[in-house]
Amino acid sequence: MISKFLYGIKEGFKSFGENIAITVNSLLLSIVYFIGVGTTSLFARILKKRFLDTKISKQSKTYWQNLNLKKKKFEEYYRQF
Amino acid sequence: MYIIGISCYYHDASAALLKDGIIVAAAQEERFTRKKHDTGFPINSIRYCLSSQNITIKDIEYIGFYEKPFIKFERVLFQHLEMFPLSLKTFLSSIPSWINEKLRVVRVIRKKLGYRKDILFIEHHMAHAASSFLISPFEKAAILTTDGVGEWTTTTYGIGKKNKIHLMKEIKFPNSLGLLYSTITAYLGFSVNNSEYKVMGLSAHGTMDRKSNPYYEKLKKVIDIKEDGSYRLNMDYFVYHYKDRMPSQKLCELLNGQIRKSESDVEQRHKDIAAALQLILEDVMTKMLNYIYKITKQENIVLSGGVALNSVYNGKILKNTKFKKVWIHPDPGDGGTSIGVASYIYHTILGKKRNFVLSNPYLGPKFSEEEIKKILDKNKIKYSDFKDEKELIKKTAKLIYDNNVIGWFQEGMEWGPRALGARSILSNPCNPKMQEILNLKVKHREKFRPFAPVVCEEDALKYFDCDNPVPEATDFMLMVYPIKKKYHKKIPAVTHVDGSGRLQTIRKFQNQLYYNLIKEFGKLSGIPILINTSFNIRGEPIICSPYDAYKCMMGTGIDYLVMNKFLIKREDNLRDAWDSEKYAHD
């Protein structure tokens, strides 16, 4: 009985902690989104920079883009980018 | 030398183990965790791979990861920059997982596995290309990879020669044939990254004619296709680049209606939309493949990426193009990239000669007679055992012939999304009611979906209008072919509405017991073909362990379970019976 009660309290605190974490994360990420992403995005729009290639061109004959991906130097494979 | 390949954090997490260039073990994480398409770190798959060879993580020389996470993260950020402020919701939901795990792959691998040696990263579509070419039977081949999205790339083509791969051109996100298919899948009320094959099955019920299908011309408005097969999507019809859903309101207007609710009826309109989508996919693929043939001048083609699971189109490749031979990895989707990255490290990066062709898909956990007996006894399961292999085959074939539904558990678990005779449900294809019986007793799935036939490779040309010789990819249930007209009525349970069948061919060296069972059934029925469907409950992954098999039988209407040399009758164990349908989901 007591252990059940203590377990309930533990779960309650856990859930409370998780909700606090979600709220704080969302708040911080919203700040990052509006200040970081938003400002960069607005500047990019002023400079007419596009981040995704979505333009449809009836004139162009192909949408294939050069890739030329082959075996690289060994060290390159340690990189995550 | 041992190398582990890992794929995770998007969908279908998996791990594969390479020993001196040979794939000795591979499994998808979902089979262990019982979470369909599990994306998590494949710790159970890795543990299985190591234990299968009696080695520890210290014996591993390299671990390979199937993509470059930072390049993928760049793409995610660019999506938000492009779509600000519309993408706030997806930003809040997706960024925490990037910060917590996706950008910490090295740390996660070292911490979870205690691994201290080299970790290598290769591009996602190179992992796809390697998974199809380096273990194919071809010395030289053209390569086409088409999926939803990797880092930026959604489609590539190139050429493979010996142990080298050159990917020449690409198409980038958000333009994606895979995501187009997924968007229409979502529009038709099915789950994305899961039910695309249902849309493919549904397409045969629609109007598969370009002139008379009312949605073909409409749907062509969403994609601009060039003569060389390259394409670009009109993003007005999509919202997947900034929302957690895929079709836009404009797409709904184009297709004359809102997104279908998953529990509502499938109408003729939905069937025609599925057919129009399939026709467009086939248009793009044919144009692309013909162009690739022209550029690469190769007679062989290998395919990879999720789009290569479109078995309806795969069966048309050799008819529609000039390629002479085709090969497709048993798991061409993201799951297969763990094999791709491990093979690429060994053969291409380390420059070792190719010495392995993947012809046997039974790379997963295998259970000995003793292990199974122990599980049966421990759980007080009533069973009998067959005297020998001959009796097992004779009795099982007779049970199938008498219209019983059989759970078939033999060999190592299959690699890839298809059950190929190791974790299968088998039944009689000659019974016109068998489709209904299977749906009622076991699968509870949509009526429009066909069941698949399995036939011995040398008999395939007698019953099916296959390519000749039958491509090896047919062994992995990746090709749909027309069933010869005179057999439509003889095997009604596996004949789809358009007269086709997604057949599996089996060769004796791959799985002798399974092969002999089909032959024995042929002696009784006159038709050496069985229904082979995956051994699982709807919404769950294919079973892995003996206990999974027993539990699945007792939750469904499977009549018998043939597990190694043991025969378990459902009726003898009714105390463990339960109703799986209560828990079934899409």
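In this predicted model, the contact between the two chains takes 33 residues from chain A and 43 residues from chain B. On the side of chain A that touches chain B, the elements giving two or more residues are H1 and strand E1 (65–69) of chain A. Of the elements on that side, H1(A) gives the most, with ten residues.

Helix H1(A) deserves a closer look. It runs over residues 2–46 of chain A, and at 1.5 Å a residue its 45 residues should span 66 Å; the end C-alpha atoms lie 64 Å apart, which agrees with that expectation. The helix nevertheless carries a kink of about 30°, centred on Gly38(A). H1(A) is hardly covered, with a count of four buried residues among its 45. The buried residues are Leu29(A), Tyr33(A), Val37(A) and Ser41(A). Their cover includes two helices of the partner chain, H3 (69–83) and H4 (88–102) of chain B. After H1(A) comes Lys48(A), with a positive phi near 60°.

The two covering helices of chain B also frame a cis peptide bond. Pro85(B) is found in the loop between H3 and H4 of chain B, and the bond leading to it from Phe84(B) is cis, with omega near 0°. Another cis bond, again with omega near 0°, links Asn468(B) to Pro469(B). Pro469(B) has its place in the loop between helix H18 (460–463) and strand E17 (481–482) of chain B.

Turning to the architecture of chain B, the domain assignment gives domain 1 (2–134 + 335–349), domain 2 (177–328) and domain 3 (369–582). The centres of domain 1 and domain 3 of chain B, taken over C-alpha atoms, are separated by 32 Å. Eight residues of domain 1 of chain B are in contact with eight residues of domain 3 of chain B. On the domain 1 side of this contact, E3 and helix H1 (30–33) of chain B each supply at least two residues. H1(B) gives the most to that side, with three residues.

Chain B also holds an open sheet of five strands, in the order E3-E2-E1-E4-E5 and with mixed pairing. Strands E3 (22–28) and E5 (118–121) of chain B stand at the edges with a single partner strand each, so one side of each is left without a neighbour in the sheet. Direction ignored, neighbouring strands of the sheet are turned by 20° against each other on average. At one end of the strand order, strand E4 (residues 60–65) of chain B and E5(B) pair in the parallel sense over four bridges, and Tyr62(B) stands opposite Asp118(B) in E5(B). Helix H14 (residues 337–349) of chain B lies across strand E1 (2–7), strand E2 (14–19), E3, E4 and E5 of chain B, and runs at about 140° to E1(B).

A further group of strands in chain B is centred here on E7(B). Eight of the nine residues of strand E7 (residues 153–161) of chain B are buried, so this strand is largely enclosed by the rest of the structure. With strand E6 (residues 140–146) of chain B, E7(B) pairs in the antiparallel sense over seven bridges, and Ala141(B) stands opposite Gly160(B) in E7(B). A hairpin of six connecting residues joins E6(B) to E7(B). E7(B) is also joined by eight bridges to strand E8 (residues 164–172) of chain B, running antiparallel; here Thr155(B) has Ile171(B) in E8(B) as its bridge partner. E7(B) and E8(B) form a hairpin with two residues between them, and Lys162(B) in the turn has a positive phi of about 50°.

Positive phi values also appear in loops of chain B, at residues other than glycine. Asn256(B) has a phi near 60° and lies in the loop between helix H10 (249–254) and helix H11 (268–296) of chain B. Asn256(B) is exposed, with 11 other C-beta atoms within 10 Å. For Asn403(B), phi is near 70°, and this residue is found in the loop between helix H16 (389–401) and strand E14 (406–409) of chain B. Asn403(B) counts as partly exposed, with 14 C-beta neighbours inside 10 Å.

Note on methods:
Residues are numbered from 1 along each chain as its sequence is written. Chains are lettered from A and ligands numbered from 1 in the order in which they are written. This is a predicted model: local features need pLDDT of at least 70, side-chain atom pairs count only at pLDDT 80 or more; totals for chains, interfaces and linings use all residues. The expected span of a helix is 1.5 Å times one less than its number of residues. The bend at a residue is the angle between axes fitted to the seven residues ending there and the seven starting there. A residue is buried if 20 or more other C-beta atoms lie within 10 Å of its own, exposed if 12 or fewer, and partly exposed in between; C-beta atoms are placed from the backbone. Two residues are in contact if their C-beta atoms, placed from the backbone, lie within 7 Å. Two strands pair if DSSP finds at least two bridges between them. Axes are lines fitted to C-alpha atoms, for helices over the stretch in contact, and angles run from 0 to 180 degrees between N-to-C directions. Domain bounds come from an automatic or database domain assignment.
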